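I opened this one to see how the pieces of the fold hold on to each other. My notes follow in the order I looked things up.

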Amino acid sequence: MQRVGRHGRQPPEGGPTENGVGQEPGTHEPPPAEGPAAPRAPRARPRLVFHTQLAHGSPTGRIEGFTNVKELYAKIAEVFDISPTEILFCTLNTHKVDMQKLLGGQIGLEDFIFAHVRGETKEVEVTKTEDALGLTITDNGAGYAFIKRIKEGSIINRLQTVCVGDSIEAINDHTIVGCRHYEVARMLRELPRAQPFTLRLVQPKKAFDMIGQRTRSSKSPSEGRVSSGKETLRLRTEGPAVLEEGPSPSEEEAARRVDDLLESYMGIRDSELASTMVEAAKGSPGAAQLARGLDSVLGEFAFPQEFVAEVWAAVCHPKGGQE
C-alpha cells in the first residue's frame, strides 16, 4: 500500500514533480541555457473601440479594427448599413458641421465620431470676377473634396446657397470625385475670369437643429487636432494607423503655421499633411534638403520653392528668419 503525504495528496506515478510538472525517474530539470535572457513577448495591444453616430441622428454604434481612413469609413458604413460613399466627412465630439472639430489625422482614444452623410444635391452658377474665389478646400481622405472655409467678402461669400461642409462633386459637369484637395483647388484657380461656370455641390444631411446654418469657420490653434498629452490613434490616408502620444503644444503650433501656409499658397487645409511636413522639416538641415525630401514623397503637390522655404523657417526658426 502506498503512503499518502501529510497533506493528503498522493505523488503522481512515474516520479517526483518540479513546479507541478511530472518528471521521469532519475531525470532532473535541465539547467537554463547560458547567454542573454530570452526577450519578453510583446504585450498585447488593447482593443480600440470607438463610439459613432450619424450626425443627423441615429442610434450609437461601436467600431474597431480599422487601420486607415478608408477602413474607418467602411466600418461606420457597416454599422449603419449604408455605403461608404455616402459619408462626406466626420467630426469629433459634435454632430454640427464644425470645421474646427473635423476628423483629420488623429483620433483621441475617448473621442466620439459623428459621420456626416450625403444630403441634397444643388447646382450653383458662379462668375469668376477676380482671381480668388474665396474657398479653402480639404478632403476626407476617401475621395471627396469639400469646402472647409469661405472667406468673408469673397465671390463665394455672396452666394448664400454655398456653405461650409458642401462637397464639390463636379465642375462644369466634369466629376471630381476621387480627386485630392490640391487638384480641386488648382482646377478652380485655373478657371478663366469673366466666364460663368457651374459647381455641383452635395450638402451634408442635417438634423432639425442645424437647418439654416451657414458656418464660416474661424481659425483656431486647435483646428483638426486633439488635446496634447493624450494617447491618440493617428490615421493615414494610406498605411496602418499608429498609436502614439498626442502632439506637444509646440508641435501643434508648428502644424498650425504650416496649415496656414498651405491655405495661403495652395487654397487647401490638411492637418495630416501639415504634421507630415513638420516632421520632415525637423529632420532637414535647410530648405533645399527639405524640398528634395518633399519631392521624393509628395512630388504630386509640386510645392513652390518659396512655400518650402517658408515652411522650413516656420518650423525650424518660428521667431526669426532663415539662416
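Before starting on helix caps, I fixed the term: I call it a polar contact when a pair of N or O atoms lies within 3.5 Å, with one able to donate a hydrogen and the other to accept it. I also kept in mind that this is a predicted model.

**Entry 1: overview**

I counted elements before anything else, and the chain has six helices and 14 strands. Of its 323 residues, 44% are buried. I then checked how far contacts reach along the sequence. Among contacts with a separation of 6 or more, 62% are between residues 24 or more positions apart.

**Entry 2: helix α1**

I started at the N-terminal end of α1, where Asn68 acts as the cap. One of its side-chain oxygens is 3.2 Å from the backbone nitrogen of Lys70. At the other end, I noted that Asp81 follows α1 and has a positive phi, near 55°.

Next I checked the length. α1 covers residues 69–80, which makes 12 residues, and its first and last C-alpha atoms are 17 Å apart. That is close to the 16 Å expected at 1.5 Å a residue.

Which residues of α1 are buried? I listed Val69, Leu72, Tyr73, Ile76, Ala77 and Phe80. They take up an arc of only 135° around the axis, so they sit on the same side of α1. The spacing made sense to me: an α-helix has 3.6 residues a turn, so residues three or four places apart point the same way. I then asked what this set packs against, and got β3 (50–54), β4 (61–63), β5 (87–92), β6 (106–108) and β7.

**Entry 3: strand pairings**

I followed β12 (residues 196–204) through its partners. β7 (residues 113–127) runs antiparallel to β12, with eight bridges joining them. In β7's pairing, I found Arg118 opposite Pro204 of β12. β12 also pairs with β10 (residues 167–171), again in the antiparallel sense, over four bridges. There, Ile171 stands opposite Leu199 in β12.

Then I moved to β13 (residues 231–234). Three bridges link β13 to β6 in the antiparallel sense, and Gly108 faces Thr232 of β13. β13 pairs with β14 (residues 242–245) as well, antiparallel and over four bridges. Here I noted two glutamates across from each other, with Glu231 opposite Glu245 in β14.

**Entry 4: Gly165**

I stopped at Gly165, in the loop between β9 (145–150) and β10. Is this loop residue buried or exposed? Gly165 is buried, and its relative accessible area is 0%. I looked up what surrounds Gly165, leaving out neighbours within four places in sequence: its contacts are Phe89, Val97, Met99, Phe146, Ile147, Val202 and Pro204. For Phe146, I also took the C-alpha separation from Gly165, which is 6.0 Å for residues 19 apart along the chain. Pro204 had come up in my strand notes, opposite Arg118.

**Entry 5: aromatics**

I ran the search for aromatic pairs over the whole structure and got seven. The one I wrote down is Tyr182 with Phe301, a tilted pair at 4.2 Å centre to centre and 35° between the planes. Tyr182 belongs to α2 (residues 181–190) and Phe301 to the loop between α5 (287–298) and α6 (305–316), so the pair ties together parts that are 119 residues apart in sequence. Both Tyr182 and Phe301 are buried. I saw that they belong to one aromatic cluster, together with Tyr265, Phe303 and Phe307.

**Entry 6: His181 and Glu263**

I went back to α2 for His181. His181 is buried at 0% relative accessible area. What does its side chain reach by a polar contact? I found Asp270, at 2.6 Å between the side chains. Not counting residues up to four places away, His181 touches Ile137, Thr138, Asp139, Ile268, Arg269, Asp270 and Phe301. Phe301 is the ring I had paired with Tyr182.

Arg269 was on that list, which led me to Glu263 in α3 (residues 249–266). The side chains of Glu263 and Arg269 make a polar contact of 2.6 Å. Glu263 has 15% relative accessibility and so counts as buried, since the cut-off is under 20%.

Methods: Residues numbered from 1 in each chain as written. Predicted model: local features only at pLDDT ≥ 70, side-chain atom pairs only at ≥ 80, totals over all residues. Heavy atoms only, no water. Phe/Tyr/Trp six-rings, centres within 6.5 Å; stacked < 30°, edge-to-face > 60°. Buried < 20%, exposed > 50% of the residue type's maximum accessible area, 1.4 Å probe, protein only. Pairing = 2+ DSSP bridges. Expected span 1.5 Å × (residues − 1). Arc of directions from axis to C-beta. Contact = heavy atoms within 4.5 Å.
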